[in-house]
Amino acid sequence: MDGGEIIRHPWDSPPPEGCATEVAPGVLWLRLPLPMVLDHVNVYALDEGDSWTIVDTGIHSRRAVALWETILAGPLQGKPVGRVILTHHHPDHVGMAGWLMERFGATLWASRTSWLMARMLILDVEERPTPQALEFSRAGGMDPDIFEARAQQRPYNFSDTCAPLPVGYTRVRDGAVIRAGGRDWDVHFGGGHAPDHLTLWSRDDALVIAGDQILPGISPNIGVYPTEPEADPLSDWLAACARLAEHAREDHLVLPGHKLPFTGLPLRMRQLAGNHHAALDRLRDFLIEPRTAADCFPLLFKRRVEAGTYGLALVESVAHLNHLMHAGEVTRWRRADGAWLWRVRDQ
């Protein structure tokens, strides 16, 4: 805690599957299951009178389709979905968007980057890891057994858990105002976890729909990927935290993409930035000796990284190392096996 501030959760449990919790007049909170360690995603339904605006959608699967049918007939009262707003392009947020568009003729609203990324990745189906993906894993110092297993496996494709996304969307710009659910919402872009990640801040009450940009209790993954191996998303993240903190108030009720709604946003914004500053400080001490990205897992995550989360850990480790490299604080060179070795520069 800081200055007597505290983070509080007005609800101590999520709505049951297929049900909804009204978090404010005309704003419903629904929770959909995910087949991964983070086993759920929150979506929000905004009442437009004769239809609904849905913010984020969950993944696409037979179970998800059946659950959405239950939701549409139950808490959504049989009214159609007229619009889907995406906070960002990740599968647990965009997965059912195409299905809802096909089913209802709903419009899709998203940042240009989110729409382009989502559509490109849904269309890009790979049966085997690309040479670039294998090189990225090798450069990170991936465990040899995990590397060999992944080299022989079909990689995850967005199309595995995302319905096809049709052509046509409405671009949402940073600084725009969106009318939805009887409220005017200011759009403020975040970044770092996903490019041009939109957040919605109500002008009419204290609601903030935050997606994965602002989560309670956990920090969203900040990752570098084979598509842009020299990227520095951590700089984007820290800059976004500073920008969004300027709008944060104690009375804001934050509706996040995962976990429970909460208040105490000014403190949480400081925590979200401070978590990564602390990780960078630990890395600076650790990199007195040469290390690979995989060597840095214990310092960054303070827990054992299993095979199922290894990929997420690797991309986040590289993000922190790239950040220090772009700041001129570390140097790197290739080990004989192709892995980058990282070390702080001599002072």
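In these legends, contact means heavy atoms within 4.5 Å. The model shown is predicted.

**View A. Surroundings of L244 in helix α7.** L244 is placed in helix α7 and counts as buried, with a relative accessibility of 1%. When residues up to four places away in sequence are left out, the contacts of L244 are H188, F189, G190, T199, W201, Q213, I214 and M269. Two of these partners, I214 and M269, also belong to the group of residues that touch the most other members of the largest nonpolar core. L72 provides a distant reference point: L244 and L72 are 172 residues apart in sequence, and 33 Å lie between their C-alpha atoms.

**View B. The largest nonpolar core and the contacts of L265.** The largest nonpolar core comprises 47 residues, of which I214, L265, M269, L287 and F297 touch the most other members. Two or more residues of this core come from each of α5 (131–139), α6 (144–152), β11 (207–211), α7 (233–245), α8 (265–286), α9 (297–301), α10 (310–326) and β14 (340–344). A second core, separate from it, has 36 residues, including W52, L72, M96 and L165. Nonpolar side chains in soluble globular proteins tend to be buried together. Not counting residues up to four places away in sequence, L265 touches W201, I214, A248, R249, H252 and V254. W201 and I214 are likewise among the contacts of L244.

**View C. Two buried cysteines, C162 and C241, and the neighbouring view of Q271.** C162 is buried, its relative accessible area being 4%, and C241 is buried as well, with a value of 3%. A search of the whole structure finds 0 disulfides. A disulfide is a covalent bond between the sulfur atoms of two cysteines. Q271, a residue of helix α8, has a relative accessibility of 32% and counts as partly exposed, because the partly exposed class lies between 20% and 50%. From C-alpha to C-alpha, Q271 and C241 are 9.6 Å apart, while in sequence they are 30 residues apart.

**View D. N42 in strand β3.** N42 is found in strand β3 and counts as buried, at 0% relative accessibility. Apart from residues up to four places away in sequence, N42 touches W29, L30, R31, D56, P256, G257, H258 and K259. The C-alpha atoms of N42 and A110 are separated by 17 Å, and the two residues are 68 residues apart along the chain. Among the contacts of N42, K259 is found in the loop between β12 (253–256) and α8. K259 is not a glycine, yet has a positive phi of about 70°. With a relative accessibility of 33%, K259 counts as partly exposed.

**View E. L34 in the loop between β2 and β3.** The loop that holds L34 runs between β2 (27–33) and β3 (40–47). L34 has a relative accessibility of 7% and therefore counts as buried. The contacts of L34, with residues up to four places away in sequence not counted, are D39, H40, V41, I59, D92 and H258. H258 also touches N42. L34 and A64 are 30 residues apart in sequence, and their C-alpha atoms are 9.3 Å apart in space.

**View F. Backbone of Q77 in the loop between α1 and β5.** Q77 lies in the loop between α1 (62–73) and β5 (81–85). The phi of Q77 is positive, at about 60°, although this residue is not a glycine. Q77 counts as exposed, its relative accessibility being 56%, because the exposed class begins over 50%.

**View G. Lining of the second largest pocket.** About 210 Å³ of space lies in the second largest pocket. Its lining consists of 15 residues, of which F136, A139, P229, E230 and W340 are the closest to the centre of the pocket. The elements that give two or more residues to the lining are α5, α10, β13 (330–334) and β14. With 4 residues, α5 gives the most to this lining. By residue class, the lining of the second largest pocket divides into 8 nonpolar, 3 polar and 4 charged residues. The elements α5, α10 and β14 also each give two or more residues to the largest nonpolar core.

How values were computed
Residues numbered from 1 in each chain as written. Predicted model: local features only at pLDDT ≥ 70, side-chain atom pairs only at ≥ 80, totals over all residues. Heavy atoms only, no water. Disulfide = S-S within 2.5 Å. Buried < 20%, exposed > 50% of the residue type's maximum accessible area, 1.4 Å probe, protein only. Core = buried A, V, L, I, M, F, W, Y, C linked by side-chain atoms within 4.5 Å. 1 Å grid on protein atoms, 1.4 Å probe; cavity = no way out; pocket = protein on both sides within 12 Å on 5 of 7 lines; lining within 4 Å. Points joined across faces, edges and corners; volume = space filled by probe spheres on them. Nonpolar A, V, L, I, M, F, W, Y, C, P; charged D, E, K, R; others polar.
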